[in-house]
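Me: I'm new to reading protein structures, and I'd like a close look at one part of this one. Could you walk me through how the helices pack against each other, and what a few of the residues in there are touching?

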Amino acid sequence: MNDRVKEGFVISSRLTSAKRQFLHNYLDMLLEIENAIQYVSECYIKGDHDIGDRLLKSVTLGLIPYNEENMTMQAIFKEDLNALSTLHQFQDAVEEAANIENTYPNEQQRMVFLHEKLLPRKHEWTEIVESYYKTH
């Protein structure tokens, strides 16, 4: 049973339909972000860093409001410190990606950032969100 007892009241850990819909939409957005990051990587390989930079900035700026201070994120994950920590790490990478042209001067460094920092953190965070969507 996914319910807990607190001070004599049963508190369900099940998500409301609105929170489930939020997570569903958010998971769709994370998939779109991954597809965009893969395209950015292709741009860097082709030497089109200006196109890659603009696309990466555009998609990551859209993610910034979904940080650990977001009210809906807090409502869903507030009791899961690991989830909030993982979200914070992902959001740090998102903010870094939004300023990639200032942080990483060449395509090779940008590729390393994408594939060794941003995507792994995105995958770790996505796994947590998927788990909540499936189990809560």
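Reply: The chain has 6 helices and 2 strands, and this is a predicted model. Going from the N terminus, you meet the elements in the order β-β-α-α-α-α-α-α. If you draw a box around the C-alpha atoms along the principal axes, you get roughly 60 × 20 × 20 Å. The chain has 136 residues, and 38% of them are buried. Its accessible surface is about 8000 Å², with 51% of that belonging to carbon and sulfur atoms. Here's a handy number for thinking about packing: among contacts with a separation of 6 or more, 68% link residues 24 or more positions apart.

Now zoom in on helix α1, residues 17-46, and helix α2, residues 49-63. Their axes come within 8 Å and cross at roughly 165°, so the two helices are roughly antiparallel to each other. The crossing is left-handed. Who's doing the touching? On the α1 side you'll find Tyr26, Met29, Leu30, Ile33, Ala36, Ile37, Tyr39, Val40, Cys43 and Tyr44. They meet His49, Ile51, Gly52, Asp53, Leu55, Leu56, Val59 and Leu63 on the α2 side. Sorted by class, that contact has 15 nonpolar, 2 polar and 1 charged residues.

Helix α2 has another partner too. Its axis and that of helix α4, residues 81-98, come within 8 Å and cross at roughly 145°. This crossing is left-handed. From α2, the residues involved are Leu56, Lys57, Thr60, Leu61 and Leu63, and from α4 they are Phe90, Gln91, Val94, Ala97 and Ala98. The class count for this contact is 7 nonpolar, 2 polar and 1 charged residues. Look for Leu56 and Leu63 in your viewer: they turn up in the contact with α1 and again in the one with α4.

Next, pick out Tyr26, which sits in α1. Its relative accessible area is 1%, and buried means under 20%, so Tyr26 counts as buried. Leaving out residues up to four places away in sequence, Tyr26 touches Leu63, Tyr66, Met73, Leu87, Phe90, Trp125 and Val129. Val129 is a nice one to find, since Tyr26 and Val129 are 103 residues apart along the chain while their C-alpha atoms are separated by 8.6 Å.

Two charged residues are worth a look as well. Lys122 is in helix α6, residues 107-135. With a relative accessibility of 3%, Lys122 is buried. Beyond its neighbours within four places in sequence, Lys122 is in contact with Leu30, Glu34 and Phe90. You've met Phe90 already, as one of the residues touched by Tyr26.

Arg110 is the other, and its place is also in α6. Arg110 comes in at 4% relative accessibility, so it is buried. Its contacts, again skipping residues up to four places away, are Tyr44, His49, Asp53, Ile100, Glu101, Tyr104 and Pro105. Go back to the α1 and α2 contact and you'll spot Tyr44 on the α1 side, with His49 and Asp53 on the α2 side. That gives you a trail to follow on screen: start at Arg110 in α6, step to Tyr44, His49 and Asp53, and carry on along the residues where α1 meets α2.

Notes:
Residues are numbered from 1 along each chain as its sequence is written. This is a predicted model: local features need pLDDT of at least 70, side-chain atom pairs count only at pLDDT 80 or more; totals for chains, interfaces and linings use all residues. Side-chain values use heavy atoms; hydrogens and water are left out. Axes are lines fitted to C-alpha atoms, for helices over the stretch in contact, and angles run from 0 to 180 degrees between N-to-C directions. Helices (H or I, at least four residues) and strands (E, at least two) are DSSP runs, numbered from the N terminus. Angles under 35 degrees count as roughly parallel, over 145 as roughly antiparallel, 65 to 115 as roughly perpendicular and the rest as oblique. A crossing is left-handed if the near helix is turned anticlockwise from the far one by less than a right angle, and right-handed if clockwise. Contact means heavy atoms within 4.5 Å. Buried means under 20% relative accessible area, exposed over 50%, partly exposed in between (1.4 Å probe, protein chains only). Accessible areas come from the Shrake-Rupley method with a 1.4 Å probe; for residues, only the protein chains shown count as cover.
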